[in-house]
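Me: I should like to learn how to read nonpolar surfaces and cores in a model. Could we begin at the surface and then move inward?

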Amino acid sequence: MFILRKDYDNIMTTRRALCPFPFLGYIEFLTLTCYNALKHIGGDFLHIIAVDDELLALGLLVRSIREACPVAQISEFQSGHEALQFLESNRCDVAFLDIHMRGIDGLTLAKKIKELNPQCNLIFV
């Protein structure tokens with residue numbers, strides 16, 4: 001099977017967008033992120049939120065996080081408003097946020113999360 005150069009370039013551009021470390025795959029990047037967060041908080045259990053307004057993307061993200069970090073409690077939300085309501089009474093160690101969402105976008109949500117929970121690690125997907 002041959003891969004055309006333009007197809008290879010498209011694949012690598014997409015991969016770089018998903019994972020800023022070219023030597024790591026997506027799952028490895030998630031595993032490294034979770035491991036570093038665990039080390040940072042000094043615990044053995046992570047509270048993670050995943051926020052994406054696209055249900056299919058959210059499902060894929062949550063499944064990938066579960067595979068990469070089995071010691072995590074993952075709460076998933078389809079809007080920034082839902083996530084903020086949750087965070088008013090719960091802590092979060094890592095937040096995976098979609099940047100482009102209806103209602104509250106990912107950047108605005110990140111600022112509000114940092115106000116509620118300054119030690120939370122933010123990852124934009």
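Me: Which residues make the nonpolar surface patch of about 240 Å²?

Reply: In this predicted model, Ile-99, Leu-107 and Phe-124 form that patch. Leu-107 belongs to helix α5, residues 106–116.

Me: Is Leu-107 buried, partly exposed or exposed?

Reply: Residues between 20% and 50% relative accessible area are classed as partly exposed. Leu-107 has 47% relative accessibility and therefore counts as partly exposed.

Me: Which residues touch the most other members of the largest nonpolar core?

Reply: In soluble globular proteins, nonpolar side chains tend to be buried together. Here the largest nonpolar core has 19 residues, and Leu-46, Ile-48, Ile-65 and Phe-96 touch the most other members. Two or more residues come from each of α2 (26–41), β1 (46–51), α3 (55–68), β2 (72–77) and β3 (94–97). A second, separate core contains 15 residues, including Leu-84, Leu-97, Ile-104 and Cys-120.

Me: With what is Phe-96 in contact, leaving aside its neighbours within four places in sequence?

Reply: The contacts of Phe-96 beyond those neighbours include Leu-30, Thr-33, Ile-48, Leu-61, Ile-65, Ile-123 and Val-125.

Me: How many aromatic pairs does a search of the whole structure find?

Reply: The search finds 1 aromatic pair. Planes from 30 to 60 degrees apart count as tilted. The ring centres of Phe-77 and Phe-86 lie 5.2 Å apart with their planes at 45 degrees, so this pair is tilted. Phe-77 is buried, at 10% relative accessible area, whereas Phe-86 is partly exposed, at 21%.

Methods: Residues are numbered from 1 along each chain as its sequence is written. This is a predicted model: local features need pLDDT of at least 70, side-chain atom pairs count only at pLDDT 80 or more; totals for chains, interfaces and linings use all residues. Side-chain values use heavy atoms; hydrogens and water are left out. A nonpolar core is a set of buried Ala, Val, Leu, Ile, Met, Phe, Trp, Tyr and Cys residues joined through side-chain atoms within 4.5 Å. Buried means under 20% relative accessible area, exposed over 50%, partly exposed in between (1.4 Å probe, protein chains only). Helices (H or I, at least four residues) and strands (E, at least two) are DSSP runs, numbered from the N terminus. Contact means heavy atoms within 4.5 Å. Patches are made of residues with over 30% relative accessible area and no salt bridge: like charges are joined within 9 Å, nonpolar side chains (Val, Leu, Ile, Met, Phe, Trp, Tyr) within 5 Å. Accessible areas come from the Shrake-Rupley method with a 1.4 Å probe; for residues, only the protein chains shown count as cover. A salt bridge is a side-chain nitrogen of Lys or Arg within 4 Å of a carboxyl oxygen of Asp or Glu. Rings of Phe, Tyr and Trp (its six-membered ring) pair if their centres lie within 6.5 Å; planes under 30 degrees apart count as stacked, over 60 as edge-to-face and the rest as tilted.
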